[in-house]
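Could you take me through how some helices pack in this protein, and what its nonpolar cores look like?

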Amino acid sequence: MRLRTIVGVSCLLLTGLAPAAEKKDYPVTPVPFTDVRLTDAFWLPRIETNRTVTIPFLWKKNEETGRIDNFAVAGKLIEGKYGGERYNDTDVYKPLEGSAYSLMVHPDPALEAYLDGVIAKIAAAQEPDGYLFTPRTADPSRPQPGIGPERWSELAVSHELYNAGHIYEAAVAHFMATGKRTLLDVAVRNADLVAAVFGSRPGQRRGFPGHQEVELALVKLYWATGNEKYLSLAKFFLDQRGPDIKLTQYPPGNRLAIYNEPEQIQAHRPVLEQDEAVGHAVRVTYMASGMTDVAALFGDPAYLEASRRLWENVVGKKMYLTGGIGSGHDRERFGPAYELPNLTGYLETCASIGMAFWNHRMFLLTGDAHYLDVLERVVYNGVLAGVSLEGNSFFYANPLESDGRFKFNQDEIGRLPFFETACCPGNIARFLPSLPGYVFAVKGDILYVNLFAAGTAKVDLAGRAVTVTQETRYPWEGAVKLTLQSEAPGEFAVHVRVPGWARNRPVPTDLYHYLERGDAKVEIRINGKRADMNWDKGFARFRRRWRGGDTVEIIFPMDPRRVGAHEAVKDDAGKVAVERGPLVYCAEWPDNGGRALNLDLPDNTALLPEWRPDLLGGVVVIKGKGTADRAGRELTLIPYYAWAHRGPGEMAVWLPRQGPAESGNPRAKRVEGVFSRLISVGEPGAAVLAVKDGRVVFERGYGVAELRTLRPVGSRTNFRLASVSKPFTAAAVMLLVRDGRVSYETRLTDLFPDFPPYGREITIRRLLQHTSGLPDYEDLMPKADPAMPVEKLQIQDAGALDLLKRTSAPLFPPGTRGKYSNSGYVLLGLVVEKASGLPFGRFLRERIFAPLHMDRTVAYERGKNEVPDRAYGHGRRGDVWRETDQSPTSATLGDGGIYSSLEDLARWDEALRLGTLLGEVEMKPALTPAETPAAPVVGPDGMPHAYGFGWFLSPWKDRARMWHYGETIGFRTAVQRFPDDRLTVIVLANRSDLDAAALALQVADIYLER
């Protein structure tokens, strides 16, 4: 038999029943959890508790509550009536699935025999044609409320197909564990019935389940049997969702009235048109997981794009810091964007598990680590909080605040042993045993290290057997050591995920951000020697010839970090949360004088980690000088997952900050004075940022981004950078040099053979350093007709190249002297396109903006993309301001076409400081001034300047400086960086009367003073 793992839950291709035809698949394959043996001090005890406590406990509860008897009643094995909710069958199926996973790694004859008895009752309850739904079969004459008078007559509410999905998953797992077909045959008979009833052929029914689940399960059943009709049926059910359905309208006050609205079950629009997560949160994650399966197995990009849109909406606007989702108690649902109440948030445990399923699938399809960042966040926080350390009590809801009175957990304050709707305990029971299957993945001869947990895995890398041993005390410590063993030396690749939190990015959107930008770098060593990191999609990549016993050591910075929320999250305004590594922390009453909601956390409070082996199973707590009742008590924070083990009381993840970091700072007041005198209310304005020692010390917007709406300037307002775009163009070229696509000595005529002969003397290095001798394309443009709309006069990069091709000679012999030239950087933008095969803007997005999470920065092309929160340029004639946003030279890209904000440029500055995009060796030529024997580079101001690759390098008052400024119609921009002083100042203005470069220096002087 051959094991196959799909999306973290293993399935088996049955002997003799492999798929008939090769279909598309997930390009990345997880290493099966049966091939990963954890010895991890953090996870192994939780998995063992699940095996020895949680699973037996759930079987006991299923017996006590009559859930197992329901099958015996339906199968006429005993007399009785159906008891409980219409979805209670799944409370048996899910621990059965979890039991099977446990058996795979820990054989237990007594448990296996117990499962045989349960399965016999399940099989007895199945009707002759394969139908299996005990709420109807137990007493067809008196069906349970919500299941309809006949089979399949109330799919939006009945859970018939939801129940079916869970038995398919349990059946596949049971066969994998035991080799017995007893439950698998039950599942196949039911699936065959469903496939016969539903479809688009004549005589078949159309419809879809109100609660998604069968879609995922049918895919697993397809992998288990090779029967493609199951895969097609999964897609059919997804395709059926849409606005043409007619839902039963239950009267007000009826508990089923929540299903009157199609949004609750995501039936308001076809799945391919949905772009906002609405309705029941668990259902969204299961639906999106099924959509991702379809995208992978059918090779359907539309399904992937639809899943990605929903993901961006959830992770960008509707996810709590713990990774939990679903803010509304009333319908277990999503609320509007940024509505994330802490006290009343719902955050169902099942929804967190659904987030893990969905994000893992998205990683397997795209190879992008930011999905794993969300997965790690939700597993360590949102999922783990759902079960007690003892393994026998559970949270249904997981709020981020408790007042000790609000009964958030199914009308109780603390965890409960069981629920009337007991979906969450069973989901925990099946998820935890499969967790080792999320740790590693492979793609050909690439090994992905996704999560960090001590243990050993056996991995097949393109036919090469490799054993990977991982040693770590993560998440308490940041050191991870991988040891690789294979039969013989050979070349393959190891891709190690560097979590977003270790790269100063808590989540891969702007929903949350760190208040301080961490100084410590991630270190990676191979066989004890520091390794240069080649970054791609959040992974540090190492391809080499590996020998037995080779080691990879990773050290993650583990300092506590303050987190802030997006300004639109009103519940978190003026508040801060604390993280350390992947863990979210909270203040709980037993550690803080009996209270938590009266605490605050000022920005100047030092946060110190402390290992407490005696507390909550062993945790690192974080201590700091907070305030409680103004008594100045020492604040203590514990991991969020461990709260509510010491009795009911107050808890808070988000604590008041007592004002912004610069409040009352005399330097900040001086900066404030500079700009408040220059910019009046209602005028075009500016955005100002100062970063010192990796921490924002000043950040403010002044004036408005556009006069038409009086929209204020803020840290997320996007300004046209003009020539401050040039460092990005230079960085793009440097990445291509690193990739081996070009070299600095590549000649212009190598890339553009029809360029005039003097192009043979113009190298990429000379273009970067303004020593090419090219005239400025702006001087070559014909005189503009003032009556023509400016958009019709605008020249683009290709047009500038055509103008340059008509010049017969350079201004001076290339390399002999320097003259600042926009032409060189326009051509460099075209070089990027030639060498990479991608449009310039897309290359920047994929290789610079996305990896650095500059999510809102764009190379703007009118009609092709949009600029979020766009500032419009303005000029003043007398006392009247007018919009002067575009000129004939505003459409080129390589020399000045990027729009960005303070928020994103702070991330760019951080990458430069930490070397996360380009390392120290790679940056050296960028910081080496051009050597010109005849004369130095003459800048646009007519003065001589030292210039490297995309940066002016002249000092300021004997301090090392790399800087750039930009001027275009209506905009003035400047970046002043002082690397030795660890200071950066950025000024972005959408008005032409400000000297941004001089103002940035004025601010720098304030922060450079001793």
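The questions and answers below deal with two helix pairs and then with the cores.

This is a predicted model, in which local features need pLDDT of at least 70 and side-chain atom pairs count only at pLDDT 80 or more, while totals for chains, interfaces and linings use all residues. Residues are numbered from 1 along each chain as its sequence is written, and side-chain values use heavy atoms, without hydrogens and water.

Q: Are H12 and H13 parallel, antiparallel, perpendicular or oblique to each other?
A: Helix H12 (residues 301–318) and helix H13 (residues 349–366) have axes 12 Å apart and pack at about 130 degrees. Angles under 35 degrees count as roughly parallel, over 145 as roughly antiparallel, 65 to 115 as roughly perpendicular and the rest as oblique. The two helices are therefore oblique.

Q: How is H17 oriented to H24?
A: The axes of H17 (residues 726–739) and H24 (residues 840–849) come within 10 Å and cross at roughly 75 degrees. That makes H17, relative to H24, roughly perpendicular.

Q: How many residues does the other core have, apart from the largest?
A: A nonpolar core is a set of buried (under 20% relative accessible area, 1.4 Å probe, protein chains only) Ala, Val, Leu, Ile, Met, Phe, Trp, Tyr and Cys residues joined through side-chain atoms within 4.5 Å. The largest has 238 residues, with Trp43 and Ile122 among those with the most contacts inside it. Apart from that core lies another, which includes Leu721 and Leu953 and has 103 residues.

Methods: Axes are lines fitted to C-alpha atoms, for helices over the stretch in contact, and angles run from 0 to 180 degrees between N-to-C directions. Helices (H or I, at least four residues) and strands (E, at least two) are DSSP runs, numbered from the N terminus. Buried means under 20% relative accessible area, exposed over 50%, partly exposed in between (1.4 Å probe, protein chains only).
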